[in-house]
Amino acid sequence: QVQLVESGGGSVQVGGSLRLSCAAPLYTYRRYSMGWFRQAPGKEREGVASIGSSGLTRYADSVKGRFTISRDNDKNTLYLNMNSLKPEDTAMYYCAADPILDRLWPSLTRNEYNYWGQGTQVTVSS
């Protein structure tokens, strides 16, 4: 019954910025790899960014240089800072946690993640 909660989505014009947040009520949050995924209508859910317990980060090629993933272990919170937004960034964005702790390399594969939020919508208008 673990439920992650995303917030911060909305509508923005091309080139704008948004910051997404994810509340993760996990007892050993700092030991989890965390990820952001997105899904547009008619497409599969894809990995956007992930961060390990060590702070190591990974990004999809499509968002490198524009998005930044970070975490605050004292607040059990995950963030995704999005800059220079493009219409192709329009999607439902999901926060997720990998239940296998202490991974050395965070995954961007959705099947590795078991705990999910309900999503927050990001719409980029041109």
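This is a chat about a predicted model of one protein chain.

Biologist: Hi! Let's begin with the inside. Which residues have the most contacts inside the largest nonpolar core?

Modeller: Those are M34, W36, L78, L80, M82 and Y93, in a core of 28 residues. In soluble globular proteins, nonpolar side chains tend to be buried together.

Biologist: And which elements give two or more residues to this core?

Modeller: There are several strands: β3 (18-23), β4 (34-39), β5 (46-51), β7 (67-72), β8 (77-82), β9 (91-97) and β11 (120-125). The strand that gives the most is β9, with four residues.

Biologist: What lies apart from that core?

Modeller: Another core, made of five residues, lies apart from it. Among them are F37, Y94, A96 and W116.

Biologist: Switching to cysteines now. How many disulfides does the count come to?

Modeller: The count comes to one disulfide. C22 is joined to C95, with 2.0 Å from S to S.

Biologist: Which parts of the chain does that pair tie together?

Modeller: C22 is in strand β3 and C95 is in strand β9, so the disulfide ties together parts that are 73 residues apart in sequence.

Biologist: Are those two cysteines buried or exposed?

Modeller: Both C22 and C95 are buried.

Biologist: And why is the disulfide called left-handed?

Modeller: The torsion about the S-S bond of C22 and C95 is about -70°, so the disulfide is left-handed.

Biologist: Nice. On to sheets: in what order do the four strands of the open sheet come?

Modeller: The order is β1-β3-β8-β7, and the pairing is antiparallel. At the edges stand β1 (5-7) and β7, each with a single partner strand, so one side of each has no neighbour in the sheet. From one strand to the next, the twist averages 15°.

Biologist: How many bridges join β3 to β8?

Modeller: Six bridges join them, and the two strands run antiparallel. If you want a spot to look at, R19 stands opposite N81 in β8.

Biologist: What about β11? Which strands are joined to it by bridges?

Modeller: Strand β2 (residues 10-13) is joined to β11 by four bridges, and those two run parallel. There, S11 has T123 as its bridge partner in β11. Strand β9 is joined to β11 by three bridges, and that pair runs antiparallel. On that side, A91 has V122 as its bridge partner in β11.

Biologist: Which residues make up the covered face of β11, and which the uncovered one?

Modeller: T120, V122 and V124 are on the covered face, while Q121, T123 and S125 are on the uncovered one.

Biologist: There's a glycine, G119, that I'd like to place. Where is it found?

Modeller: G119 is in the loop between β10 (115-116) and β11. At 22% relative accessibility, G119 counts as partly exposed, because buried means under 20%.

Biologist: And what is G119 in contact with, leaving aside neighbours within four places in sequence?

Modeller: G119 is then in contact with E6, M92, Y93 and Y94. Take Y94: G119 and Y94 are 25 residues apart in sequence, but 4.5 Å apart in space from C-alpha to C-alpha.

Biologist: Last topic, charges. How many salt bridges does the count come to?

Modeller: The count comes to nine salt bridges. One of them pairs D89 with R38, and their closest N and O atoms are 2.9 Å apart. D89 lies in the loop between β8 and β9 while R38 lies in strand β4, so this pair ties together parts that are 51 residues apart in sequence. D89 and R38 are both buried.

Biologist: I also spotted R103. Which residues does R103 form salt bridges with?

Modeller: R103 forms a salt bridge with D98, where the closest N and O atoms are 2.4 Å apart. R103 also forms one with E112, at 3.2 Å between the closest N and O atoms.

Biologist: How accessible are R103, D98 and E112?

Modeller: R103 is partly exposed, with a relative accessible area of 23%. D98 is at 0% relative accessibility, so D98 counts as buried. E112 is partly exposed, with a relative accessible area of 33%.

Biologist: And which residues are joined into one network by salt bridges that share partners?

Modeller: That network joins R38, E46, R66 and D89.

Terms used
Residues numbered from 1 in each chain as written. Predicted model: local features only at pLDDT ≥ 70, side-chain atom pairs only at ≥ 80, totals over all residues. Heavy atoms only, no water. Core = buried A, V, L, I, M, F, W, Y, C linked by side-chain atoms within 4.5 Å. Buried < 20%, exposed > 50% of the residue type's maximum accessible area, 1.4 Å probe, protein only. Disulfide = S-S within 2.5 Å. Pairing = 2+ DSSP bridges. Axes fitted to C-alpha atoms, helices over the stretch in contact; angles between N-to-C directions. Salt bridge = Lys/Arg side-chain N within 4 Å of Asp/Glu carboxyl O. Contact = heavy atoms within 4.5 Å.
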